[in-house]
Amino acid sequence: MKANLSEATVVVAKKKLSSDPSTTDFSVKIKGKIIKGFVVRRGSGFYAYQNLCRHLPVTLDLNDNSFFNHDKTMLQCQMHGALYEMESGLCVGGPCEGARLRSLPLQETDSQLIITFPEDVVAEEVLDG
Ligand code: FES
């Protein structure tokens, strides 16, 4: 399913995202903290984000891999309904409109997605606890 190449890298099998659109979440443990992320597939594109709403420090899906609005056209925070564009992470509706999800660098191979948590994301998450 996933494997850590280093303390801040996650590998996701593309076959987990066979539907269009679809998402899968993942987490890494760094310095004793669990840091969460997710990948969304739309069409042939894959986009990785830190799983942290820009309104309040909660996961978008409230930990059940439910990242979409009702018609699956947007990502939606399950807490207060903030709507984010899948391709950009920009919040276009809700209490944090204009803010942006933290994008995670993603490398694509034929069968895998390799996602990295940058140092500043790790530092922010550790500080926020
Ligand atoms: S916590 Fe996500 S919209 Fe409020």
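Colleague: Over how many bridges do β3 and β4 pair in the antiparallel sense?
Modeller: The model in front of us is predicted, and in it the two strands are joined by a hairpin that has two residues between them, with lysine 31 in the turn taking a positive phi of about 50 degrees. Beside that turn, isoleucine 30 has lysine 33 of β4 as its bridge partner, and aspartate 25 stands opposite phenylalanine 38 in β4. Counted along the pairing of β3 and β4, the number of bridges is nine.

Colleague: Which residue in the hairpin of β4 and β5 takes a positive phi near 60 degrees?
Modeller: These two strands pair in the antiparallel sense over six bridges, among them the one between valine 40 and tyrosine 47 of β5. Another bridge links arginine 42 to glycine 45 in β5, and the hairpin has two residues between its strands. The residue with the positive phi near 60 degrees is glycine 43.

Colleague: Why is one side of β3 and of β5 left without a neighbour in the sheet?
Modeller: The open sheet that holds them has three strands with antiparallel pairing, in the order β3-β4-β5. Its neighbouring strands are turned against each other by 20 degrees on average, direction ignored. One side of each of β3 and β5 is free of a neighbour in the sheet because both strands stand at the edges, each with a single partner strand.

Colleague: Which strands stand at the edges of the open sheet that includes β7?
Modeller: This open sheet is also built from three strands with antiparallel pairing, and the order is β6-β7-β8. Strand β7, residues 83–84, pairs with β8 over two bridges, and leucine 83 stands opposite glycine 93 in β8. The strands with a single partner each, so that one side of each lacks a neighbour in the sheet, are β6 and β8.

Colleague: Which strands pair with β10 in the antiparallel sense, and over how many bridges?
Modeller: Strand β9, residues 106–108, forms a hairpin with β10 that has three residues between the strands, and glutamine 107 has isoleucine 114 of β10 as its bridge partner. Strand β2, residues 9–13, is a partner of β10 as well, and here alanine 13 is bridged to glutamine 112. The pairings are therefore β9 with three bridges and β2 with five bridges.

Colleague: Which residues of β10 point to one face and are buried?
Modeller: In a regular strand the side chains alternate between the two faces of the sheet. Along β10, residues 112–116, this alternation is found, with Gln112, Ile114 and Thr116 pointing to one face and not being buried. The residues that point to the other face and are buried are Leu113 and Ile115.

Colleague: Which element gives the largest share of the largest nonpolar core?
Modeller: In soluble globular proteins, nonpolar side chains tend to be buried together. The largest nonpolar core here holds 26 residues, and Val39, Val40 and Ile115 touch the most other members. The elements that give two or more residues to this core are β2, β3, β4, β5 and β10. The largest share, which is four residues, comes from β4.

Colleague: With which residues is isoleucine 115 in contact, leaving aside its neighbours within four places in sequence?
Modeller: Isoleucine 115 lies in β10 and is buried, and it is among the core residues that touch the most other members. Its contacts, with those neighbours left aside, are Thr9, Val10, Val12, Gly37, Val39, Ala48, Leu104 and Leu106.

Colleague: Does glutamine 107 count as buried, exposed or partly exposed, and why?
Modeller: Glutamine 107 is found in strand β9, and its C-alpha is 9.9 Å from that of alanine 48, although the two are 59 residues apart in sequence. A residue needs 20 or more C-beta neighbours within 10 Å to be buried, and 12 or fewer to be exposed. Because glutamine 107 has 13 such neighbours, it counts as partly exposed.

Colleague: What share of the 129 residues in the protein is buried?
Modeller: The secondary structure of the protein comes to one helix and 10 strands, and the helix follows the strands at the end of the order of elements. Among contacts between residues at least 6 apart in sequence, 43% join residues at least 24 apart. As for burial, the share of the residues is 29%.

Terms used:
Residues are numbered from 1 along each chain as its sequence is written. This is a predicted model: local features need pLDDT of at least 70, side-chain atom pairs count only at pLDDT 80 or more; totals for chains, interfaces and linings use all residues. Two residues are in contact if their C-beta atoms, placed from the backbone, lie within 7 Å. A nonpolar core is a set of buried Ala, Val, Leu, Ile, Met, Phe, Trp, Tyr and Cys residues joined through C-beta atoms within 7 Å. Axes are lines fitted to C-alpha atoms, for helices over the stretch in contact, and angles run from 0 to 180 degrees between N-to-C directions.
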